[in-house]
Amino acid sequence: MKVMLDACVLYPTVLREILLQVAGRGMFTPLWSARILEEWARAARKIGPTGEAQARSEIALLRARWPKAEVAERAGLEARLWLPDPADVHVLAAAIAGSADLILTFNARDFPRGTLAEEGLKRDGPDSFLYDLWLKNPDPVEASVHEVQAEAVRLSGEALELRPLLKRARLPRLGKALS
C-alpha cells in the first residue's frame, strides 16, 4: 500500500518516526513531495530559531533513507483538481502522481472522501491507520513504537511513559491499545 504523508503527519517528530519505522518494516510505502517537505520545514520555525535548520537536516536524512519516496510534480495536474482548501490541492496532486492508495492526514475536512474516491484514493488519520495496521499485524507496529519510545527516552534523558507519549503524538487509540 502506498501512503501519501501530509506535512502535518511528518511534523511532529515522534509521529513521523513511528510511521517511518512501521514503513521500514514493510507495512506500507511512504510517499511525499518536495512541497510537502517544504511545508514541514516552514512549520518547524514555530519551535524557535533553530527549528527550520533542524527540520532541513531531518529532511536530508529522510531523503537519503527513502530515495524513492519523493513524488515529482506532474505538470497541469493541480489545475484540474479541487479541494475545500486550495492550499491542499498539491497534496492530492502528489498522491495521484505517486499512485498512492491513501492520504494520511489530520485534515479530514480538507480531504472529502467523495472527492478522493473520484481519484481512486482514500484518506485516514494516523491513529486510525496505525491502529488498523496493529490489529492486522501487531509485532511490527509494537516494535516500531517501542524503538521510537526508547530513542525519545535516550534523547530527553527522562523516563517517558508510552501512553502519554503516544497521546502527545496524537495517537491516543494506539496508546491505549499498547498500554
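**Entry 1: the central strands**

Which residue in β2 does Met-4 stand opposite? I looked this up in the predicted model and found Leu-31. The two strands concerned are β1, residues 2-5, and β2, residues 29-33, which pair in the parallel sense over three bridges. I noted a further contact of these strands, in which Val-3 has Pro-30 of β2 as its bridge partner.

I then turned to the pairing of β1 with β4. Strand β4 covers residues 102-104 and pairs with β1 in the parallel sense, again over three bridges. Here I recorded Leu-5, which stands opposite Leu-104 in β4.

**Entry 2: the whole sheet**

In what order do the five strands of the open sheet lie? I read the order as β3-β2-β1-β4-β5, with parallel pairing. The edge strands are β3 (70-71) and β5 (122-124), each of which pairs on one side only.

For β2 and β3 I found parallel pairing over two bridges. I list both partners in β3: Glu-70 for Trp-32, and Val-71 for Ser-33.

I also checked the burial of β2. Four of its five residues are buried, so β2 is largely enclosed by the rest of the structure.

**Entry 3: aromatic pairs**

How many aromatic pairs does a search of the whole structure find? I obtained two. In one of them, the ring centres of Phe-28 and Phe-129 are 5.1 Å apart and the planes stand at 80°, so I entered the pair as edge-to-face. Why does this pair tie together parts that are 101 residues apart in sequence? Phe-28 belongs to the loop between α2 (13-24) and β2, whereas Phe-129 lies in helix α7 (residues 126-136), so the pair joins parts separated by that distance along the chain. I found both Phe-28 and Phe-129 buried.

Tyr-131 and Trp-134 form an aromatic pair that I recorded as tilted, with 5.7 Å from centre to centre and 40° between the planes. Both residues lie in helix α7, three residues apart, which is about one turn of the helix. Are they buried or exposed? Tyr-131 has a relative accessible area of 16% and is buried. Trp-134 is likewise buried, with a relative accessible area of 16%.

**Entry 4: a charge over a ring**

Over which ring does the charged end of Arg-170 sit? I found the ring of Phe-106, with the charged end 3.7 Å from the ring centre.

**Entry 5: the largest pocket**

I next looked up the largest pocket, for which I noted a volume of about 410 Å³. Its lining holds 14 residues, and the closest to the pocket centre are Thr-13, Val-14, Glu-17, Ala-152 and Leu-155.

Which elements give two or more residues to this lining? They are α2, α8 (138-156) and α9 (162-168). Helix α8 gives the most, with five residues.

I closed the entry with the composition of the lining of the largest pocket, which divides into eight nonpolar, two polar and four charged residues.

Terms used: Residues numbered from 1 in each chain as written. Predicted model: local features only at pLDDT ≥ 70, side-chain atom pairs only at ≥ 80, totals over all residues. Heavy atoms only, no water. Pairing = 2+ DSSP bridges. Phe/Tyr/Trp six-rings, centres within 6.5 Å; stacked < 30°, edge-to-face > 60°. Buried < 20%, exposed > 50% of the residue type's maximum accessible area, 1.4 Å probe, protein only. Lys NZ or Arg CZ within 6 Å of the ring centre and 35° of its normal. 1 Å grid on protein atoms, 1.4 Å probe; cavity = no way out; pocket = protein on both sides within 12 Å on 5 of 7 lines; lining within 4 Å. Points joined across faces, edges and corners; volume = space filled by probe spheres on them. Nonpolar A, V, L, I, M, F, W, Y, C, P; charged D, E, K, R; others polar.
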